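Here is a short report on charged pairs and strands. Look at the sequence and the model first, then read on.

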Amino acid sequence: MKNIIIILFILLFCSIRAEAILGENDEIYFTPAINAGNFFGVNFDLTYVYDEEYSFQVGYSWHLRGAASTPDDYFSPIGTILFLGLNGPYDKLNNTYFNVGKIIELNEIKTIRANILIGVGITNIRKPTNWEPNGQSSFDNNYTWDIAEYDVFSLVYKPSLEFVIIENFGASITPTLYYNNKQTYMGISAGIMLGILD
């Protein structure tokens, strides 16, 4: 968690301090967002816009849901509450991606725009498997399980609707698709944009 916070501060600092080296019509901004769909999670993007027209984005997303393979008679032990439920059986997706896109201005004053992004990513998938009954206990799981882990390439599609509120702050709504042959993610995210937006 400490490493993630450090990375977030570095990205935010870079997006704000980059003004000195950008062209007159270039932008760079950092977007933290929450997302929901067939998984729930968060994502962090760094986007560079060249000449108000073309965009380039690197990002990371983390997604979680209750394991689809969970047996019907599984129950969470009392101790799970102490870990906010995060030590239970979950399907997890982590995505690292690079996208390119096109900016389409939707009003004359350039405060509302579409940023149509498409790209590729590496998706790490972790899912519980090989469930085995483990007896009944209020303090322990009544099943044990193994974790199956895969790393796959994904196609990424993120058409974002962006609202520039002031020159260093905005908001975005982004339908998102990560498509691969193991586990597809479909959802929508809501985030804030921090950096050089005008």
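A salt bridge is a side-chain nitrogen of Lys or Arg within 4 Å of a carboxyl oxygen of Asp or Glu. Side chains of opposite charge can pair when their charged atoms come close. The model shown here is predicted. The structure holds seven salt bridges.

**Three pairs**

The table lists three of these salt bridges.

| Basic partner | Acidic partner | N to O distance |
|---|---|---|
| Lysine 158 | Aspartate 45 | 2.8 Å |
| Lysine 110 | Glutamate 52 | 3.0 Å |
| Arginine 126 | Glutamate 149 | 3.0 Å |

Start with lysine 158 and aspartate 45, whose side chains meet in a salt bridge. Lysine 158 belongs to strand β6, residues 143-166, and aspartate 45 to strand β2, residues 40-50, so the pair ties together parts that are 113 residues apart in sequence. Are these two residues buried or exposed? Both lysine 158 and aspartate 45 are buried.

Next come lysine 110 and glutamate 52, which also meet in a salt bridge. Lysine 110 sits in the loop between β4 (90-105) and β5 (112-133), and glutamate 52 in the loop between β2 and β3 (54-66), so this pair ties together parts that are 58 residues apart in sequence. Lysine 110 is partly exposed, at a relative accessible area of 40%. Glutamate 52 counts as partly exposed too, at 29% relative accessibility.

The third pair is glutamate 149 with arginine 126. Glutamate 149 is in strand β6 and arginine 126 in strand β5; the two are 23 residues apart, and the pair links distant parts of the chain. Glutamate 149 has a relative accessible area of 45%, so this residue is partly exposed. Arginine 126 has 31% relative accessibility and therefore counts as partly exposed.

Some salt bridges share partners. Such bridges join Glu27, Arg113 and Glu162 into one network.

**The barrel**

Now turn to the strands. Strands of a sheet pair through backbone hydrogen bonds, either parallel or antiparallel. Which way does the pairing run in this barrel? The pairing is antiparallel. Eight strands close into the barrel, in the order β1-β2-β3-β4-β5-β6-β7-β8. On average, neighbouring strands of this sheet are turned by 20° against each other, direction ignored.

Take β6 and β7 as a closer example. How many bridges join β6 to strand β7? There are eight, and the two strands run antiparallel. Strand β7 covers residues 169-179. Across this pairing, isoleucine 166 stands opposite phenylalanine 169 in β7.

Conventions
Residues are numbered from 1 along each chain as its sequence is written. This is a predicted model: local features need pLDDT of at least 70, side-chain atom pairs count only at pLDDT 80 or more; totals for chains, interfaces and linings use all residues. Side-chain values use heavy atoms; hydrogens and water are left out. Helices (H or I, at least four residues) and strands (E, at least two) are DSSP runs, numbered from the N terminus. Buried means under 20% relative accessible area, exposed over 50%, partly exposed in between (1.4 Å probe, protein chains only). Two strands pair if DSSP finds at least two bridges between them. Axes are lines fitted to C-alpha atoms, for helices over the stretch in contact, and angles run from 0 to 180 degrees between N-to-C directions.
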